[in-house]
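Biologist: Got a minute to walk me through this one? Pull it up and I'll just fire questions at you.
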Amino acid sequence: MPGNSTLLGPSPQLPAAMSKQDFWKRKRVSRAEQQGGYFLEESSQGESSPTNSVPNGLLVPTWPTWQPPRFYSTPGLCQSMAMLPPAGHLLSLLLVLGTGGTMPSPQVPPQGCYVAEEAGEPTFRCSQAGLSAVPTGIPNDTRKLYLDSNQMASVPASAFQHLPVLEELDLSNNVLAHLSGAAFQGLEGTLRHLDLSANQLASVPLAAFAGLQTQVNLSANPWHCDCTLQEVLRQVRLVPGTGTGIVCGSGARPDLVGQEFLPLAGEEELCGPGQGGARRGTDVALLVTMGGWLTLVVAYLIHYVWQNRDETRRPLKRAPVLPMRSDGSSTLSTVL
C-alpha cells in the first residue's frame, strides 16, 4: 500500500538489468538478511528510508527495536581463567618439562599377571606367566602373591621388601636353584606361608629363614641332605604333611639318595665341629666338664668315709668315776 511500510520476508529476485551501484546495495542487503534483520519497502520516491538513497522497490535492512546491535568483545578475566586447562593437566605438563620431555608412565603388571581380591584380601597372581625374575609393579598392599609355575631360577636379596603386609608367598613349580640369604628380608613379622616346593633347590642358606615366623613347604626338591638342611629343619616349621616329601637327591651321600631326610636327621648328626654343630659340641664339652666335677666330688666323699671307717668302729671309753661330797660329808660314787 502507498505510504505504508510493510514487513516482508526474503527479498525477491532482482531484475536482469542492474547498475553497479544497485548491485553493491543489494549485497549489503543480503548481509543484513544473514544477520537476522528485517526489510522495509518504500511505496513512494519522495519518502525517506533508513538508507535515504535506496530506490523504490528495494529492501532496506533495519534492526528491531528490541534487539541491540551485535558486537564482539575480547574475553574478560573470568573467561580467560575458564579457558585454562585443568590443574591435573598443568601438573602433567610440568612433569613433562621437568623430565626433559618424557612422561613417566605408571607401572603395569606384566602380561599374564593380574590383581584380584580373594577372601577379602588383595591378591596378585602371576601363575604360568613365563616369568624369569620377580616382576615389578606389585601393589604394596598385596597380602597374597602367587608366582608359581614360572621359569625363575633365583630369588635376589630384598626381592619382596616393598611388600610390608605380605602374608602368603607361592614360589612353587619354578626352577629355583639359589636363594639369597636376604631373599625374604622385610617379611619377618608378616609372612605366614611360604611354598618352595617342586623346584631345583639342593641347599638353602640358614640366614634366608632367620626371623621368619612362617610355615614352609620344602618338598619335591633334590636336597643334598647335609648339615645346612638339618639346621634349617630345626629352625623352620614345616607345613603339615609335607615332611615326607623332603627326599635326598642325587647330590647327597650315596647311602642317603632316595631316602626321606626327616627320619635320618633324627638319628644321625650331620654337623661336625666348625660347622653348624659347633654349638652342640660346646654343650657336650660342658656336660663332660660337669660330669668330671661330679666324679671328683663323689670320689672325695668316698675317700672321706673310708678314712674315718676305723674311728667309727672303736668302742666308747667309760668316763672316770669322780668322788663327790654331800653336805653331810658323805662320799658318793657316780658312774658315768
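Biologist: Let's start with Tyr-300: buried or exposed?
Modeller: Tyr-300 is exposed, since its relative accessible area is 54%. The cut-offs are under 20% for buried and over 50% for exposed, with partly exposed in between (1.4 Å probe, protein chains only). Before you ask, this is a predicted model, where local features need pLDDT of at least 70 and side-chain atom pairs count only at pLDDT 80 or more, while totals for chains, interfaces and linings use all residues. Residues are numbered from 1 along each chain as its sequence is written, and side-chain values use heavy atoms, with hydrogens and water left out.

Biologist: OK, where does Tyr-300 lie?
Modeller: In helix H6, residues 278-307. Helices (H or I, at least four residues) and strands (E, at least two) are DSSP runs, numbered from the N terminus.

Biologist: And which residues make the nonpolar surface patch?
Modeller: Val-297, Tyr-300, Leu-301, Tyr-304 and Val-305, and the patch covers about 540 Å². A patch takes residues with over 30% relative accessible area and no salt bridge; like charges are joined within 9 Å, and nonpolar side chains (Val, Leu, Ile, Met, Phe, Trp, Tyr) within 5 Å.

Biologist: Zooming out, how many helices and strands does the protein have?
Modeller: Seven helices and 14 strands. The chain has 336 residues, and 26% of them count as buried. Its accessible surface is about 22400 Å², with 59% of that belonging to carbon and sulfur atoms. Those areas come from the Shrake-Rupley method with a 1.4 Å probe, and for residues only the protein chains shown count as cover.

Biologist: What's the order of the seven strands in the open sheet?
Modeller: E4-E5-E6-E8-E10-E11-E12, with mixed pairing. The edges are E4 and strand E12 (237-238), each pairing on one side only. Two strands pair if DSSP finds at least two bridges between them.

Biologist: In what sense do E4 and E5 pair?
Modeller: Antiparallel, over five bridges, with E5 spanning residues 121-125. To pick out one bridge, Ala-116 has Thr-123 in E5 as its partner.

Biologist: Where is Pro-110?
Modeller: In the loop between helix H3 (87-98) and strand E4 (114-118). Pro-110 is partly exposed, at 25% relative accessible area. Pro-110 touches Leu-131, Pro-135 and Thr-136, if you leave out residues up to four places away in sequence. A contact here means heavy atoms within 4.5 Å.

Biologist: How far apart are Pro-110 and Pro-135?
Modeller: They're 25 residues apart in sequence, but 7.1 Å apart in space, C-alpha to C-alpha.

Biologist: New topic: how many aromatic pairs does the structure hold?
Modeller: Two. Phe-160 and Phe-184 have ring centres 6.4 Å apart and planes at 10 degrees, so that pair is stacked. Rings of Phe, Tyr and Trp (its six-membered ring) pair if their centres lie within 6.5 Å; planes under 30 degrees apart count as stacked, over 60 as edge-to-face and the rest as tilted.

Biologist: Which parts does that stacked pair tie together?
Modeller: Phe-160 is in the loop between strand E7 (154-155) and strand E8 (168-170), and Phe-184 is in the loop between strand E9 (178-179) and strand E10 (193-195), so the pair joins parts 24 residues apart in sequence. Phe-160 is buried at 0% relative accessible area, and Phe-184 is buried at 2%. Phe-184 also forms a tilted pair with Phe-209, 6.4 Å centre to centre with 40 degrees between the planes. Phe-209 counts as buried too, at 1%, and Phe-160, Phe-184 and Phe-209 form one aromatic cluster.

Biologist: Last one: how many salt bridges are there?
Modeller: Seven, counting a side-chain nitrogen of Lys or Arg within 4 Å of a carboxyl oxygen of Asp or Glu. One of them joins Arg-125 and Glu-118 at 2.6 Å, N to O. Another joins Glu-167 and Arg-143 at 2.9 Å, N to O.

Biologist: And what does Glu-231 pair with?
Modeller: Arg-234, with the closest N and O atoms 3.3 Å apart. The two are three residues apart in helix H4 (residues 227-235), so about one helical turn separates them. Glu-231 counts as buried at 12%, whereas Arg-234 is partly exposed at 43%. Together with Glu-269, Glu-231 and Arg-234 are linked in a network of salt bridges.
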